[in-house]
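Here is a report on one protein chain. Please look over the sequence and the model before reading on.

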Amino acid sequence: MIDTHCHLDRELYKDVDTVIKHMGENTMIAAGVDYKSSIHVLELIKDNPTIYGVIGFHPEEIEHYTEDFLAFLEENLENPKIVGIGEIGLDYHYTKETRDKQIEVFKKQLDLASKYNKTVVIHSRDALEDTLQIIKDYPNLKMVLHCFGYSLEVAQMLLKYAIKFGIGGVVTFKNSKKLKEVVKEIPIDRFLLETDSPYLTPEPHRGEENEPYNIIYVADTIGALKGISKEEVLRLTTENAIRQFDLPL
Ligand code: NI
């Protein structure tokens with residue numbers, strides 16, 4: 001199994017080494033959100049054969065963005081274990097006032113992904129219109145909408161793009177009616193499993209620190225919604241992830 005999106009910065013966990021060990025031979029894709037965490041991702045992938053990385057600048061960190069980040073990003077895209085640019089995007093939930101800057105930095109990172117044919121891992125919250133407006137200019141870009149939170153109608157409309165939907169712990173929550181509908185109706189070849197650890201812990205561990213191993217609960221819920229076994233969900237979504245990120249597995 002593959003956790004296609006987690007944050008493994010040491011300071012986010014009580015004990016990150018145990019969390020990584022718990023995954024055994026299974027693969028993780030660690031995501032950066034700013035300069036510091038992207039450097040940490042580069043260290044992690046060097047030290048751990050089972051960890052790959054995506055690096056990028058997250059919209060909620062935008063006030064710390066400096067122009068030299070782009071050169072750093074471009075330099076490290078040649079690293080074979082950097083399998084994409086992320087987590088990048090737009091977030092107007094708490095930080096609408098930085099909208100213009102978010103859009104500018106998002107587009108610059110999309111341009112780099114286009115140039116190097118890398119997958120982008122997109123965070124989009126309360127910013128649907130601008131996200132759609134921007135991605136339509138990149139019709140061939142390989143995209144993952146991380147922690148997909150929009151409606152089934154939006155998901156269906158997005159199927160025309162080379163887009164995958166990251167599905168995580170939220171699908172296990174009792175009140176996640178909208179996402180459950182998306183999982184039921186959208187073909188499983190569009191889904192990637194993710195935990196977004198240490199955030200968004202799935203049931204039955206909600207409230208505790210999340211970890212990549214909890215991907216099994218996400219697979220369990222998706223299986224129940226699709227009428228297939230957890231093992232089948234893990235097998236199919238692992239294949240999806242290998243293809244999406246060109247993982248040498
Ligand atoms: Ni994330």
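The report below goes from the sheet to its helices, then to the cores and some backbone details.

## The sheet

This is a predicted model. Its sheet is open and has eight strands, in the order β1-β2-β3-β4-β5-β6-β7-β8. The pairing is parallel. At the edges sit β1 (2-6) and β8 (191-193), each of which pairs on one side only. From one strand to the next, the twist averages 30°.

Strand β1 runs parallel to β2 (residues 27-31), and three bridges join the two. Cys-6 has Ala-30 in β2 as its bridge partner. Helix α8 (residues 215-226) packs on this sheet. The helix touches β1, β7 (163-167) and β8, and its direction makes about 145° with that of β8.

## Strand β4 and its partners

Strand β4 covers residues 82-91, and 10 of its 10 residues are buried. On one pairing, β4 meets β3 (residues 51-55) through three bridges, and the two strands run parallel. There Gly-53 stands opposite Ile-82 of β4.

β4 also pairs with β5 (residues 119-125), over six bridges and again in the parallel sense. Ile-88 has Ile-122 in β5 as its bridge partner. Strand β4 also holds Glu-87. The peptide bond leading from Gly-86 into Glu-87 is cis, with omega near 5°.

## Helix α4

How do β4 and β5 connect through α4 (residues 99-116)? Together, β4, α4 and β5 make a β-α-β unit, and that unit is right-handed.

The length of α4 can be checked. The helix has 18 residues, and at 1.5 Å a residue it should span 26 Å. Its end C-alpha atoms are 26 Å apart, so the model agrees with the expected span. Just after the helix, Asn-117 takes a positive phi of about 50°.

Which residues of α4 are buried? They are Gln-102, Ile-103, Val-105, Phe-106, Gln-109, Leu-110, Leu-112 and Ala-113. An α-helix has 3.6 residues a turn, so residues three or four places apart point the same way. The cover over the buried residues of α4 includes β4 and β5, along with α3 (68-76) and α5 (128-135).

## Nonpolar cores

In soluble globular proteins, nonpolar side chains tend to be buried together. Here the largest nonpolar core has 71 residues. Those with the most contacts inside this core are Leu-8, Val-120, Phe-148, Leu-158, Phe-165, Ile-167 and Ile-222. A second, separate core has 12 residues, including Ala-31, Val-144, Ala-241 and Leu-247.

Take Leu-158 and set aside its neighbours within four places in sequence. Leu-158 is then in contact with Leu-132, Ile-135, Leu-145, Phe-148, Ile-163, Phe-165 and Arg-190.

## Asn-240 in helix α9

Asn-240 lies in helix α9 (residues 230-245). Is Asn-240 buried or exposed? Its relative accessible area is 3%. Buried means under 20%, so Asn-240 counts as buried.

What is Asn-240 in contact with, leaving aside neighbours within four places in sequence? The list is Lys-164, Ile-188, Asp-189, Arg-190, Phe-191 and Leu-192.

## Backbone details in the loops

Pro-198 lies in the loop between β8 and α8. The peptide bond into Pro-198 from Ser-197 is cis, with omega near 5°.

Asp-126 sits in the loop between β5 and α5. Its phi is near 50°, a positive value in a residue other than glycine. The relative accessibility of Asp-126 is 46%. Partly exposed covers the range between 20% and 50%, so Asp-126 falls in that class.

Cys-147 is placed in the loop between β6 (143-145) and α6 (152-158). Cys-147 is not a glycine, yet it has a positive phi of about 50°. With a relative accessible area of 28%, Cys-147 is partly exposed.

Key: Residues are numbered from 1 along each chain as its sequence is written. This is a predicted model: local features need pLDDT of at least 70, side-chain atom pairs count only at pLDDT 80 or more; totals for chains, interfaces and linings use all residues. Side-chain values use heavy atoms; hydrogens and water are left out. Buried means under 20% relative accessible area, exposed over 50%, partly exposed in between (1.4 Å probe, protein chains only). Helices (H or I, at least four residues) and strands (E, at least two) are DSSP runs, numbered from the N terminus. Two strands pair if DSSP finds at least two bridges between them. A crossover is right-handed if, with the strands pointing away from the viewer, the path from the first strand over the helix to the second runs clockwise. A nonpolar core is a set of buried Ala, Val, Leu, Ile, Met, Phe, Trp, Tyr and Cys residues joined through side-chain atoms within 4.5 Å. Contact means heavy atoms within 4.5 Å. Axes are lines fitted to C-alpha atoms, for helices over the stretch in contact, and angles run from 0 to 180 degrees between N-to-C directions. The expected span of a helix is 1.5 Å times one less than its number of residues.
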